[in-house]
Amino acid sequence: MLLRRGSGASRCFAAVLRSGHSRCFTVASSKYTLPPVPDISLTELLFSRVKAFGDAPALIDGPSGRTIRFNEIEPMVRACAAGLSARGLGQGDVIGLLSPNSIDYPIALFGAASIGAAVTTLNPLYTPDEISKQLEDAKATQLYTTGPLLEKAYAAAAKGARLSRVYTFDAMPEVAPDGPPLESFASLLADGGSAPTVAITPADDVVFIPYSSGTSGLPKGVELTHRNLVANVLQALDPLPAGSPLCWIPSLLDPPSAGSPLLDPMLDPLREPTTSYPSPAHSILAHRNPPCTTPTQPPHHPNTPPPPTPPPPT
């Protein structure tokens, strides 16, 4: 598909499709002034405020009660970055993340991001063929996963995914599978090395590569830069007060959601204190969940006769 921009102030774009047909799209600009997007990486945004919340809980695993506190976030992310760097992952590389929601998900994700690598998230319901195709398409060289998904991960590697190493968030199996070396995520964090200093250009360096579900064709990857996701975080504009508990949607569907509980407290210092921006989250919630009212009469359809008036009491 080829996009051509129209002339004049109409901001009309003509899309020339492969079939030769063209379609016009009009871009409507917002009447609100967009807030500034700071020129920092996603991990810089994270590290700039987490210390301020001390030992308050940042991430809680519901079934086990395991908790990661705000003052533990940066050391864990840096430990992850150091371990990945020591194992050959670096700037411009891609690592896959095949897992359901996990308390380790944000640590793994930001650990790779902090050394300039990109993360591609995969649906844990994918077949080995689908996993292999996405890993190959994204050019992933390493993979995070969980114990129950190891069989799928190694089947994907056997089908062509070029993985040099796999990490599991769970305990190591008694018998290591055939294929790329397997290591526990805990041992990755326990390496004890120092994370390298990496110069990241937020507007250019890719940090996430999510894929579409493939409902209208083959799944397609989207390269998102650090600047894209910093702007994505700022769009939230703290829809909930600090300290409000949040429940994640599947993180693979919305990669920034994996870090939103950590990033949300950082919005206040980045926003102009005298400026108020409408919150998209408030608008969506208000639209989907209108105030609850008790009707005095049942709903009346315009094409049906009105309900009969009840007789007066005797």
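Two helix axes count as roughly parallel at angles under 35 degrees, as roughly antiparallel over 145, as roughly perpendicular from 65 to 115, and as oblique in the rest of the range. In this predicted model, helices H4 and H5 pack at an angle of about 60 degrees, and they are therefore oblique to each other. The points below take up this helix pair, the buried face of H4, and a group of aromatic side chains that involves strands S8 and S9.

**Packing of H4 and H5**

- The axes of H4 and H5 lie 8 Å apart where the two helices pack, and the crossing that they make is right-handed.
- On the H4 side the residues that meet the partner helix are Pro128, Ile131 and Ser132, while Lys152, Ala155 and Ala156 meet them from H5.

**The buried face of H4**

- Helix H4, which spans residues 128–138, has Ile131, Ser132, Gln134, Leu135 and Ala138 as its buried residues.
- Viewed down the axis of H4, these buried residues fall within an arc of 170 degrees, so they line one face of the helix.
- An α-helix has 3.6 residues a turn, so residues three or four places apart point the same way.
- The partners against which the buried residues of H4 pack are strand S6 (94–98), strand S7 (118–122), strand S8 and helix H5 (150–158).
- Just after the end of H4, Lys139 adopts a positive phi of about 60 degrees.

**Aromatic pairs and cluster**

- The structure holds five aromatic pairs, and one of them is formed by Tyr144 and Tyr167, a tilted pair with 5.8 Å from centre to centre and 45 degrees between the planes.
- Because Tyr144 lies in strand S8 (residues 140–145) and Tyr167 in strand S9 (residues 165–168), this pair ties together parts that are 23 residues apart in sequence.
- Tyr144 is buried, with a relative accessible area of 0%, and Tyr167 is likewise buried, with a relative accessible area of 0%.
- Tyr144 also forms an aromatic pair with Phe169, which is stacked, with 5.9 Å from centre to centre and 20 degrees between the planes.
- The pair of Tyr144 and Phe169 links distant parts of the chain, 25 residues apart, with Tyr144 in strand S8 and Phe169 in the loop between S9 and strand S10 (182–184).
- Phe169 is buried, as is Tyr144.
- Tyr144, Tyr167 and Phe169 belong, together with Phe185, to one aromatic cluster.

Technical notes:
Residues are numbered from 1 along each chain as its sequence is written. This is a predicted model: local features need pLDDT of at least 70, side-chain atom pairs count only at pLDDT 80 or more; totals for chains, interfaces and linings use all residues. Side-chain values use heavy atoms; hydrogens and water are left out. Rings of Phe, Tyr and Trp (its six-membered ring) pair if their centres lie within 6.5 Å; planes under 30 degrees apart count as stacked, over 60 as edge-to-face and the rest as tilted. Helices (H or I, at least four residues) and strands (E, at least two) are DSSP runs, numbered from the N terminus. Buried means under 20% relative accessible area, exposed over 50%, partly exposed in between (1.4 Å probe, protein chains only). The arc is that of the directions from the helix axis to the C-beta atoms. Contact means heavy atoms within 4.5 Å. Axes are lines fitted to C-alpha atoms, for helices over the stretch in contact, and angles run from 0 to 180 degrees between N-to-C directions. A crossing is left-handed if the near helix is turned anticlockwise from the far one by less than a right angle, and right-handed if clockwise.
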